[in-house]
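Got your viewer open and a selection box ready? Here is a short walk through the model, one stop at a time.

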Amino acid sequence: MLTPSRDQGSSLPTRAELDAFRASLRRFIEREVMPFERRTMSDADRQAIQDKAKAAGFWLLNVPEELGGQGLGYLAMAVFWHEVSRTIAIPSRDHSLFGPTVGPILMGLTGKQRERYLDPVLAGEKAACFAQTEPDAGSDPAAMRTRAVRKGDRYVINGTKRFITHAEKADFAQVIACTDPVKGARGGISCFLVDMDTPGLKIATQHTTMMGDAPCELVFEDVEVPEENRVGDEGEGFAIAQGWLNEGRIRHGARACGVAERCLELTLDYVKQRKTFGEPLAERQGVQWILADCATELHATRLMVEDAAAKLDRGEDARTETFMVKVYGDEMGFRVADRCLQLHGGIGLTTELPIEKFWRDQRSFMITEGPTEVLRTALARQILRGGLA
């Protein structure tokens, strides 16, 4: 297995290690998972794949070794996110075939918080969701209206969170709320662990999206949370959330690479076989140029993802790079899926091929977890403050 690199200061995995990991994981996914692109995965099927994933060492990959995981860093996880995204048999927002989802917030828990929340998640006994987005503050933490007001040794939370993925399955939420409106995002935002069965917390709406998932709207009405459920110090919520968001941006870029690679592979095979007016599509210059652009953009994105992930593994500030990765990666993934769908013609529109699902997913990713327009603005501000990466 790969050299662990989750902790700052540890060595990065070598190219040979990454390539071996990629090859092994790809074989597993093509053999065990891709067949379910054409048929429904039952609970028994899912359990069988999970058992095989555990036996193969593809379980709790980003969880530190001392907690029972593989301890992989961002660079190795980028390989994982790339490979699992090459198939529509794995939901684009759910990688639980390879273990519970454990982000930076949960892995930073200690003491009683760890015993009550992290350990049960690792054991598969509890599930979590991340609640930051709001109806009027989707990408602007300074505009956050969900308030957490301190009363003695407790906080009372009021507000609404929207488009919260997997909230309907969660046992608790990682909630980002405003504790000091005067201080704003830098010092006025805090993070809380809130049990979903807490009085006053309810799922008001579950949206149906074009991607096939169903994010929820959460309403907090005088929800009381003990002080011991605050993560970190009061006012550190924005910084804590950034760890989650940085990881998410790397994941977006890596996922786009997996989608683009699979779409391009399918298209290369198709244009060599499909003839129009007596010639294979592959012989037409217009088609060749499209393929060349797709391959070039895919390669560029892979290099961007590797660079940003390696910087995070080394403990460096990679906000600029992660902004670039998400903006360029999500748009690249959509462009490639769109071009490949077009080259397939009518058959590309059908569910006989996975391209139309990749197309829908990639279109959504240009909005979710930070619209490209907002991230471009944040990127520009970052560049203006600190120069180029």
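Start in the interior. Bear in mind as you go that this is a predicted model. The largest nonpolar core has 82 residues, and F80 and F98 are the ones with the most contacts inside it. Colour helix α6, residues 237-273, next: with 14 residues, this helix supplies the largest share of that core.

Now centre on F80 and show its neighbours. Leaving aside residues up to four places away in sequence, F80 touches F21, L25, L61, H95 and F98.

Stay there and select helix α3, residues 74-84. Is this helix enclosed or open? Count its buried residues: 11 of the 11 are buried, so α3 is largely enclosed by the rest of the structure. If you want to click through the buried set, run from Y74, L75, A76, M77, A78 and V79 to F80, W81, H82, E83 and V84. What do they pack against? Bring up α1 (15-33), α4 (104-107), α6 and α7 (285-313), which are the helices the buried residues of α3 pack against.

There's another core to find. A second, separate one has 20 residues, with A131, A167, V175 and C216 among them.

V175 takes you to strand β4, residues 172-178. This strand is mostly covered, with 7 of its 7 residues buried. Show the side chains and look at which way they go: F172, Q174, I176 and C178 point one way, while A173, V175 and A177 point the other way, and all of them are buried.

Which strands pair with β4? One is β1 (residues 128-131), which runs parallel to β4 and is joined to it by 4 bridges; to find the register, pick A128, which stands opposite F172. Another is β5 (residues 189-195), paired with β4 in the antiparallel sense over 7 bridges. Here the pair to pick is I176 in β4 and C191 in β5, which stand opposite each other.

Next, move to β2 (residues 147-151) and β3 (residues 154-164). These two strands pair in the antiparallel sense over 5 bridges, and V149 has V156 in β3 as its bridge partner. Together β2 and β3 form a hairpin with 2 residues between them. Click on G152 in the turn: its phi is positive, at about 65 degrees.

While you have backbone angles up, try two more residues. Most residues other than glycine have a negative phi. F163, in strand β3, has a positive phi of about 60 degrees although it is not a glycine. The relative accessibility of F163 is 45%, so this residue counts as partly exposed. Then go to H166, in the loop between β3 and β4. H166 isn't a glycine either, yet its phi is positive at about 65 degrees. Is H166 buried or partly exposed? Its relative accessibility is 25%, and the cut-off for buried is under 20%, so H166 counts as partly exposed.

Last stop: the second largest pocket. Its volume is about 440 Å³. Select P91, S92, D94, K169 and G212, which lie nearest the pocket's centre among the 23 residues that line it. Then colour the whole lining by residue class, and you should get 9 nonpolar, 6 polar and 8 charged residues.

How values were computed:
Residues are numbered from 1 along each chain as its sequence is written. This is a predicted model: local features need pLDDT of at least 70, side-chain atom pairs count only at pLDDT 80 or more; totals for chains, interfaces and linings use all residues. Side-chain values use heavy atoms; hydrogens and water are left out. On a 1 Å grid over the protein atoms alone, a cavity is a set of points where a 1.4 Å probe fits but cannot get out, and a pocket is an open set with protein on both sides within 12 Å along at least five of seven lines; lining residues have an atom within 4 Å of a point. Grid points are joined across faces, edges and corners, and a volume is the space filled by probe spheres set on the points. Ala, Val, Leu, Ile, Met, Phe, Trp, Tyr, Cys and Pro count as nonpolar, Asp, Glu, Lys and Arg as charged, and the others, Gly among them, as polar. A nonpolar core is a set of buried Ala, Val, Leu, Ile, Met, Phe, Trp, Tyr and Cys residues joined through side-chain atoms within 4.5 Å. Buried means under 20% relative accessible area, exposed over 50%, partly exposed in between (1.4 Å probe, protein chains only). Contact means heavy atoms within 4.5 Å. Two strands pair if DSSP finds at least two bridges between them.
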